[in-house]
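Reader: Please take a close look at the side-chain pairs in this model, rings and charged groups alike. I would like a careful account that also says how they sit in the wider fold.

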There are 2 protein chains.
Amino acid sequence: MKSGGKKDACEITCIDSKRVASVRKKIEPEHKIQLLSDTFKVLGDPTRVKIVFALSQEELCVYDIALLLGTTKSTVSHQLRVLRNMRLVKYRKDGKMVYYSLDDEHIKNLFDEGLRHVEDL
Amino acid sequence: MKSGGKKDACEITCIDSKRVASVRKKIEPEHKIQLLSDTFKVLGDPTRVKIVFALSQEELCVYDIALLLGTTKSTVSHQLRVLRNMRLVKYRKDGKMVYYSLDDEHIKNLFDEGLRHVEDL
DNA sequence: TCAACAGTTGAATAACTATTCACCTGTTGT
DNA sequence: ACAACAGGTGAATAGTTATTCAACTGTTGA
């Protein structure tokens, strides 16, 4: 069905087209892949991991988070915005204070599963 | 106990030192935080997410992964090294071919938990 | 009204990273 | 031995990002 030139890389190099087709059918749509990797990317920073871990224990204000991490309010505030954008944390205002907490019950499971991987070195 | 200057930011701005101390006791050690965020960071890229997802369905060779993702062998090979370094995938050589598969049963759980978060928008 | 403070933000810098390109290694079949 | 191919890799580029600094908003108490 094809003028069998030696340059027809597809038929030559496609090792197992059946397997490829089978996986292709099950693969998640592009926008979901993007959201998923964005979620993981947000957790892929030590500062944000610490923030999320702290908030998984207690509701905390911005300054206390900074104190806990040994960093500045500015850094924490910047990272909290990133976490807010991905709907990982929510906040509650009380006068001058802003109290942050986790927004999603899956996050803690995600953490625990990640820690289980890390335990195995 | 302190020469009560108005610059003593710690006592003034530490809002709830009891809560801070409580969280500090439970916080994971630095190297674990680092490993955890490194693991999430590795999953924080669409190309690697696709690779991991594909490998969660089938053992695949490098070229087939590239075919599946619509990218090059080189890109896939680079990213497979990153995944290998974090012990997320393993490989098996067979002549010219190298077959990759997932190295860790937790990864699929991590994925499913992440997807559950994404479903909630 | 005003000083003090919690928090946010924009700009700048420095560090990191995903992809591409070109080239390399090692294996297979002839 | 040799051509063909699967896979790996180093350098370069372009894009992204975490932190710092300085300035800002809005709230509280005197």
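Author: A residue is called buried here when its relative accessible area is under 20%, exposed when that area is over 50%, and partly exposed in between. Asp16(A), with a relative accessible area of 22%, is therefore partly exposed, and Arg19(A), also at 22% relative accessibility, counts as partly exposed as well. The side chains of Asp16(A) and Arg19(A) meet in a salt bridge, with 2.8 Å from N to O. Please keep in mind throughout that this is a predicted model.

That bridge belongs to a wider set, since a search of the whole structure finds 12 salt bridges over all chains. Another of them brings together the side chains of Glu28(A) and Lys32(A), at 3.7 Å from N to O. A further salt bridge, at 3.2 Å from N to O, joins the side chains of Glu119(A) and Lys32(B). This last pair crosses between chains, leading from Glu119(A) in helix 7 (residues 105-119) of chain A to Lys32(B) in helix 3 of chain B. Glu119(A) counts as partly exposed, at 46% relative accessibility. Salt bridges also link Glu28(A), Lys32(A) and Glu119(B) in a network, so that the bridge between Glu28(A) and Lys32(A) described above can be read as part of a group that takes in a residue of chain B.

The aromatic rings are the other half of your request, and over all chains the structure holds six aromatic pairs. In one of them, the rings of Phe40(A) and Phe40(B) have their centres 6.1 Å apart and their planes at 15°, so this pair is stacked. The stacked pair crosses between chains, from Phe40(A) in helix 3 (residues 30-42) of chain A to Phe40(B) in helix 3 (residues 30-42) of chain B. Both ends of the pair, Phe40(A) and Phe40(B), are buried. The rings of Tyr91(A) and Tyr100(A), by contrast, form a tilted pair, because their centres lie 5.8 Å apart while their planes stand at 40°. Tyr91(A) counts as partly exposed at 46% relative accessibility, whereas Tyr100(A) is buried, with a relative accessible area of 6%. Returning to the phenylalanines, ring pairs link Phe40(A), Phe111(A), Phe40(B), Phe53(B) and Phe111(B) into a cluster.

The strands give a backbone setting for the tyrosines. In chain A, strand 2 (residues 89-94) is joined by six bridges to strand 3 (residues 97-102), and the two run antiparallel. Together, strand 2 of chain A and strand 3 of chain A form a hairpin with two residues between them, and Gly95(A) in the turn has a positive phi of about 70°. Beside this turn, Asp94(A) stands opposite Met97(A) in strand 3 of chain A. In chain B, an open sheet of three strands has the order 1-3-2, with antiparallel pairing. Its edge strands, each of which pairs on one side only, are strand 1 (60-61) and strand 2 (89-94) of chain B. Two bridges join strand 1 of chain B to strand 3 (residues 97-102) of chain B, and these strands too run antiparallel; here Leu60(B) has Tyr100(B) in strand 3 of chain B as its bridge partner.

The pairs that cross between chains can be set beside the relation of the two copies. Chain B is superposed on chain A by a rotation of 180° with 0.0 Å of shift along its axis, at an RMSD of 0.0 Å. That is the relation of a two-fold axis. The copies meet through the same surface, because 100% of the interface residues of chain B are also interface residues in chain A.

For the wider fold, chain A has seven helices and three strands, which follow the pattern α-α-α-α-β-α-α-β-β-α along the sequence. Of the 121 residues in chain A, 44% are buried. Among the contacts in chain A with a separation of 6 or more, 48% are between residues 24 or more positions apart.

Finally, a word on confidence: the mean pLDDT of chain A is 88, and 88% of its residues reach 70 or more. Over residues 1-11 of chain A, however, the pLDDT is below 50, and this stretch has five contacts in the model beyond near neighbours in sequence.

Note on methods. Residues numbered from 1 in each chain as written. Chains lettered and ligands numbered in written order. Predicted model: local features only at pLDDT ≥ 70, side-chain atom pairs only at ≥ 80, totals over all residues. Heavy atoms only, no water. Phe/Tyr/Trp six-rings, centres within 6.5 Å; stacked < 30°, edge-to-face > 60°. Helix = DSSP H or I, 4+ residues; strand = E, 2+ residues; numbered from the N terminus. Buried < 20%, exposed > 50% of the residue type's maximum accessible area, 1.4 Å probe, protein only. Pairing = 2+ DSSP bridges. Salt bridge = Lys/Arg side-chain N within 4 Å of Asp/Glu carboxyl O. Least-squares fit on C-alpha atoms with pLDDT ≥ 70 in both. Contact = heavy atoms within 4.5 Å. pLDDT = per-residue confidence, 0-100.
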